[in-house]
Amino acid sequence: MKEKQKLSLGAKLSYALGAVGKDMVYMLSASYVLYYYQDIMGVSAFAMGIILLIARIFDAFNDPIMGVVVAKTKTRWGKFRPWLLIGTVTNAIILILMFSAPPKLNAAGLTAYAAAAYIIWGVTYTMMDIPYWSMIPAFTEGGKERENLTTLARSAAGVGSAIVMVVTVIAVQGLGKMFGGETARDIEIVGFRCFAIIVAALFVLFTTLTCINVKEKSTAEMETVSVGQMFKALIQNDQALTVVVAIVLINCAIYITSNLVIYFFKYDFGGEDWYNSYTLFNMFGGAMQVLSMMILYPLLRRAFSNTKIFYIGLGSAIAGYAVLLALSFTNMNNVFILFVPGFLIFAASGIMNILTTVFLANTVDYGYLKNKRRDESVIFSMQTFVVKLASGIAAFAASICLAVNHLSDAATTEAEQTVDLSLAVSQSAKVGLRMTMAVIPIFGLLFAIFWFKKKFILNDDKIKEITEQVAKMQGDEK
């Protein structure tokens, strides 16, 4: 019998590079499109909030549609790689256009441009993201190989996100000055366009390497999931519903803060080189998030159940926001002071990333016992859906904060573009920003604790019991 050929190191690394590229693009759009259009280009904060909310909800519903399209594709190059390459190239082009808005457009024109660019960007990103993750069964043999590759790709995606989170603002400043920007606004306009071109080029290069070096070995069937199936699974699986609601609450809290943190450093923390402090804070936060997943969670798992770690993580995040709120009443002029709440919040975020996935996986066996069927694909498609939904809600909430507090209105003249912008913003606006960044997340996380404690029953003992029952049922079926 011919031995199955193992996946080469080159194929593994090429696939991982694809994850680095696509998450660099995702993070650039998710973290900076609101800032680019609202703060730099002058689009109404409320209008941007509506655009981001509608686009993210549309994108979440678009995922199942794209899944069906990919599943029905048959070409000599396979069903996944053609869409992966087409989606990457078109998404890279749209990314550049999205961060190259014509400055001379009037307010209505810029709003229309932002809406069209962001919605099309979301559609083309889905076009490549769905086949990227769905193609794994087509070139792996399953078992350990498939599990290890998935872990490698998820880790590489985290690296791509971290790179953009850390370097974007400081790279924008450097590129803007290098290529002719004079005022602070011109520097950011030029810098974002140049940085988007660099990220888009790396994205296309990395995905091309993936398509060349990763061969589809089989015509793997791709199971597609409709939005109707997702909601049906939620109604019939109360534990999946419990976890999904918790994911929405937690992600909304964290995403509200991540959307506003750049405004905090620019208009509140201040200084002409605010972007250096912002970069340092993001570098620290990204490191804490990764280390909490790799080191802190395993250490806590030795002593506590997953349910207890979940409450510890939520308590840590609430404590971090409480410290941030307390610091808001002091004269914050040292970025290292912010590392205290940053550690508590980012470490909790890393732990939550692991636990919500674990809890969702556990609801599959629970649903199997309750409904006599396994809904793996439905449950994990739901995770992507609700994360996108939460990001849209959070972006809308952040835009409301910006509109109400008129944060960037004080920096609209050319003279004010060259000074410490924190001096031009009223104290009431700063307080409004701080309250939104800290108080709203605290309430959201407290409700998540209340909800989870009341509804969630899948503790470690219950999971052990369910696992034994499932094994017995599967044995009886055989």
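# Report on a predicted all-helix chain

A55 is placed in helix α2, which covers residues 45-71. The model discussed here is a predicted one. Because buried means under 20% relative accessible area, A55 counts as buried at 5% relative accessibility. Apart from neighbours within four places in sequence, A55 is in contact with Y118 and I119. The C-alpha atom of A55 is also 9.5 Å from that of A116, although 61 residues separate the two along the chain.

## The chain as a whole

The chain contains 15 helices and 0 strands. Of its 478 residues, 54% are buried. The accessible surface amounts to about 21300 Å², and carbon and sulfur atoms account for 66% of that area. Among contacts with a separation of 6 or more, 83% join residues that are 24 or more positions apart.

## The nonpolar core

How many residues does the largest nonpolar core have? This core has 144 residues, and those with the most contacts inside it are Y15, Y37, Y263 and F265. Helix α9, made of residues 238-269, gives the most to this core, contributing 19 residues.

Y37 can serve as an example. When neighbours within four places in sequence are set aside, Y37 is in contact with G42, V43, M48, L97, M98, A101, L110, Y113, A114 and A117.

## Aromatic rings

The structure holds 31 aromatic pairs. One of these is formed by Y26 and Y125, whose ring centres are 5.5 Å apart with 45 degrees between the planes, a tilted arrangement. This pair links distant parts of the chain, since Y26 belongs to helix α1 (residues 9-40) and Y125 to helix α4 (residues 107-134), 99 residues apart. Y125 has a relative accessible area of 4% and is therefore buried.

A second pair, F452 and F456, is stacked, with 4.3 Å from centre to centre and 20 degrees between the planes. Both F452 and F456 are buried.

Ring pairs also build a cluster, which links F264, F265, F269, W274, Y275, Y278, F281 and F346. In addition, K453 lies over the face of Y311, at 5.3 Å from the ring centre.

## Helix α12 and its surroundings

Helix α12 comprises the 33 residues from 339 to 371. Does the distance between its ends agree or disagree with the expected span? At 1.5 Å a residue the helix should span 48 Å, and its end C-alpha atoms are 47 Å apart, so the two values agree. The helix is mostly covered, as 25 of its 33 residues are buried. Just after α12, K372 takes a positive phi of about 65 degrees.

G342 lies in helix α12. With a relative accessibility of 4%, G342 counts as buried. Not counting residues up to four places away in sequence, G342 touches F281, F284 and A347. G286 is found in helix α10, residues 274-303, and is buried at 10% relative accessibility.

## Two further residues

Which residues does E188 touch, not counting those up to four places away in sequence? They are Y35, I40, V172, Q173, K266 and W274. E188 lies in helix α7, residues 184-213, and counts as buried at 6% relative accessibility.

Is K6 buried or exposed? K6 is placed in the segment before α1. The relative accessible area of K6 is 70%, so this residue is exposed; the cut-off for exposed is over 50%.

## C-alpha separations

The table below sets out pairs of residues, with the separation along the chain beside the separation in space.

| Pair | Separation along the chain | C-alpha separation |
|---|---|---|
| A55 and A116 | 61 residues | 9.5 Å |
| K6 and F139 | 133 residues | 9.7 Å |
| G286 and G342 | 56 residues | 9.7 Å |
| G342 and V323 | 19 residues | 9.5 Å |

G342 appears in two of these rows, paired with G286 and with V323. The pair of G286 and G342 joins a residue of helix α10 to a residue of helix α12.

Note on methods:
Residues numbered from 1 in each chain as written. Predicted model: local features only at pLDDT ≥ 70, side-chain atom pairs only at ≥ 80, totals over all residues. Heavy atoms only, no water. Core = buried A, V, L, I, M, F, W, Y, C linked by side-chain atoms within 4.5 Å. Buried < 20%, exposed > 50% of the residue type's maximum accessible area, 1.4 Å probe, protein only. Helix = DSSP H or I, 4+ residues; strand = E, 2+ residues; numbered from the N terminus. Contact = heavy atoms within 4.5 Å. Phe/Tyr/Trp six-rings, centres within 6.5 Å; stacked < 30°, edge-to-face > 60°. Lys NZ or Arg CZ within 6 Å of the ring centre and 35° of its normal. Expected span 1.5 Å × (residues − 1). Areas by Shrake-Rupley, 256 points an atom, 1.4 Å probe, with all protein chains shown as cover.
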